[in-house]
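Subject: A structure for you to explore

Hi there,

Here is the structure I promised to pass on. Have a look at it first, and then read my notes below at your own pace.

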Amino acid sequence: MWLRVEGHWAWYRRYWRSSLYSSGIEPLLFLAAMGLGFGSQVEAGAATGGHEYLHYVAPALLVAGATMSGMGESSFPVLSGFKWQKDYIAVTATPITPGQLLGGQMLWLAIRLGLSGVIYGLVALTFGAWLRPGAVLVVGVGVVTGLACAAPVMALAAATYDEGRRFVVMFRFVMVPMMLFSATFFPIEQIPIGLRWLTWISPLWHGNEIARAAALGGSDPLAIAGHGAFLLALLVAGVLLARKLFYRRLVV
Amino acid sequence: MARDGEGDEREPHPMVSGKALVKRFGGIAAVAGIDVEVRRGESFGFLGPNGAGKSSTMRMIACVSPRSDGELRVLGMDPETDGPRIRARIGVVPQLDNLDVELTVRQNLQVYGRYFGLSRAHVRAKAVELMAFAELSDRADDQVEPLSGGMKRRLTIARSMVNDPELLLLDEPTTGLDPQARHLLWGRLYQLKQQGVTQIITTHDMHEAEQLCDRLVVMDGGQIVAEGSPSNLIGRFSTREVLELRFAPGKQDGQITRVADLADRHEVLPDRLLLYADDGEATLEAVHARGVRPVSTLIRRSTLEDVFLRLTGRSLVE
Ligand SMILES: Nc1ncnc2c1ncn2[C@@H]1O[C@H](COP(=O)(O)OP(=O)(O)OP(=O)(O)O)[C@@H](O)[C@H]1O
Ligand SMILES: [Mg+2]
């Protein structure tokens with residue numbers, strides 16, 4: 001599994017600039033625009049738990065960024081391993097098994113999400129986006145949320161035999177609504193009650209809640225445990241499903 | 001079971017042994033019950049037209065495709081339970097290249113070697129050696145994507161040797177190679193054979209099969225239709241010589257009835273007639289004596305192509 005990560009690392013050494021741009025710099029641009037620009041128009045109030053908008057939005061943007069890049073990295077790039085570049089087929093002709101291949105893919109994703117998170121966190125620090133040391137935990141929350149969202153997408157990729165049009169549908173009808181209805185930019189109380197179930201099933205919302213608790217403090221440990229359990233359950237279910245489908249795809 | 005596991009020199013097992021081996025995809029049987037045995041150190045060929053089941057068989061041997069039925073042992077082990085251990089000791093050239101085109105030539109070899117658990121220092125040195133073998137040393141640090149098809153093929157072949165395999169599986173290794181690269185590869189495969197590396201090769205190229213294979217099987221429709229050494233197969237299924245007659249366009253129809261009885265056997269191809277006889281010269285004289293006037297004639301020795309034509313009724317030349 002680790003050897004597979006090494007293989008990705010060889011790739012990363014060549015392409016780190018563009019990949020870092022999309023996964024690390026993008027959320028920062030969001031932070032600058034939303035937190036500093038848009039945020040300057042928003043007054044700290046009950047809606048933001050009494051916090052300034054920058055402080056309110058910064059942790060959620062990290063988690064949202066991790067979710068987006070986790071899902072993105074698990075869609076076409078994974079499908080390519082099966083279908084276009086076929087490097088998964090090359091790898092599983094060695095002693096590496098499909099399960100280890102998946103493990104390596106997840107581990108590699110975790111490393112990249114972690115790395116992007118740290119860079120985001122450091123730059124956001126210079127903006128004064130963090131209030132308490134607990135904010136370092138937000139990076140970990142981002143990694144876990146990103147992985148939990150990535151695993152089912154990897155499973156989907158393993159079950160995709162066409163050109164991957166379903167990913168475009170997924171981005172449009174799953175990822176974008178998830179960004180909007182996960183209390184990333186505004187609290188859940190602002191979401192119409194009829195649509196709130198969307199929020200409850202959104203892994204990003206659960207991640208956001210934990211991230212805010214870590215960055216801003218003052219929340220119910222029981223609720224946090226619940227959010228964490230949701231994410232872990234999704235992660236485990238996603239990995240098990242992806243594992244099954246990786247074997248089905250590669251052992252024919 | 002004492003005989004399982006690592007090769008025991010006192011009790012040598014065949015490198016590959018399959019009995020009533022079957023591979024089904026949905027309803028269709030790509031491999032419909034074949035028996036094969038490949039011995040240590042030999043070069044073994046699978047010959048057959050498109051869709052014969054060659055690649056399906058190779059993939060079962062490479063432990064990436066589970067058998068649907070029958071028995072299979074590779075290096076004395078069962079692919080079902082010992083896949084990773086077997087894969088560690090074999091080298092695979094798939095029919096379609098699956099290089100990491102975003103990496104360099106050197107990285108492809110090094111990264112792949114690492115998947116076999118080889119040390120960094122070892123794969124560094126090995127990559128240099130293999131790039132020299134594939135004549136890609138001057139492209140060592142170029143990205144793979146823009147390389148020509150033949151260069152990629154050479155790299156795929158080089159990559160299959162990164163773990164110094166005991167058994168090399170080559171699925172149409174020379175498709176896309178120019179004659180020079182093809183001869184280079186044949187030479188290198190011969191060397192490997194001298195070193196005791198067992199090879200299994202699939203090909204459509206009769207000349208290649210005759211050059212490389214000690215023993216081969218002809219497959220058709222998922223079954224083995226003949227087995228033997230190239231010369232043995234030619235002796236059994238063809239005559240010593242073949243007389244080829246070509247006629248002006250549109251003039252071939254009906255000619256065969258005038259000469260068929262002069263040969264042991266004949267084939268009618270779209271562009272020529274083949275007369276099988278042990279003495280081609282004498283047959284040609286007899287053809288001329290009947291007043292049949294082809295525009296060109298050729299007398300040649302029988303090849304595996306003729307064996308194939310006889311066995312399957314189809315030509316292998318695309
Ligand atoms: N993954 C698969 N799913 C379904 N059918 C398959 C699959 N792989 C092979 N087949 C079928 O099995 C049969 C044998 O295919 P195979 O690739 O083994 O032939 P081959 O002898 O290697 O042919 P070629 O010379 O074209 O490479 C074909 O009918 C093919 O359609
Ligand atoms: Mg094939």
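Let me start with one residue, B:S55, which is partly exposed, with a relative accessible area of 21%. The cut-off for buried is under 20%, so B:S55 at 21% does not count as buried. Please keep in mind that this is a predicted model.

What does B:S55 do here? Together with B:Q95, B:S55 is a protein donor of the magnesium ion (ligand 2). The donor atoms are OG of B:S55 and OE1 of B:Q95, and they lie 1.9 to 2.1 Å from the ion. Where do the two residues sit in chain B? B:S55 belongs to helix α1 (residues 54–61), while B:Q95 is in the loop between β5 (90–93) and α3 (105–115), so the pair ties together parts of the chain that are 40 residues apart in sequence. B:Q95 is partly exposed as well, with a relative accessibility of 35%.

Next, the backbone. Try finding B:L75, where phi is near 55°. That is a positive value in a residue other than glycine. B:L75 is part of the loop between β4 (69–74) and α2 (79–87) of chain B. Is B:L75 buried or exposed? With a relative accessibility of 0%, B:L75 counts as buried.

Chain A has a case of this kind too: A:A183 is not a glycine, and its phi is positive, near 55°. You will find A:A183 in the loop between α7 (165–180) and α8 (196–201) of chain A. A:A183 counts as buried, at 1% relative accessibility.

Now step back and look at chain B as a whole. How many helices and strands does chain B have? There are 11 helices and 13 strands. The C-alpha trace of chain B spans about 75 × 50 × 40 Å along its principal axes. Chain B has 318 residues, and 55% of them count as buried. Among the contacts in chain B with a separation of 6 or more, 69% are between residues 24 or more positions apart.

Finally, the surface and the charges. Chain B has an accessible surface of about 14100 Å², and carbon and sulfur atoms account for 49% of that. Chain B carries 41 positive and 47 negative charges, and the mean positions of the two sets are 2 Å apart.

Enjoy exploring, and write back with any questions!

Best wishes

Definitions and conventions
Residues are numbered from 1 along each chain as its sequence is written. Chains are lettered from A and ligands numbered from 1 in the order in which they are written. This is a predicted model: local features need pLDDT of at least 70, side-chain atom pairs count only at pLDDT 80 or more; totals for chains, interfaces and linings use all residues. Side-chain values use heavy atoms; hydrogens and water are left out. Helices (H or I, at least four residues) and strands (E, at least two) are DSSP runs, numbered from the N terminus. Buried means under 20% relative accessible area, exposed over 50%, partly exposed in between (1.4 Å probe, protein chains only). Donors are N, O and S atoms within 2.8 Å of the metal (3.2 Å for Na, K and Ca); water is not among the atoms, so sites may look incomplete. Contact means heavy atoms within 4.5 Å. Accessible areas come from the Shrake-Rupley method with a 1.4 Å probe; for residues, only the protein chains shown count as cover. Lys and Arg count as positive and Asp and Glu as negative; His and the chain ends are not counted. The place of a charge is taken as NZ of Lys, CZ of Arg, CG of Asp or CD of Glu.
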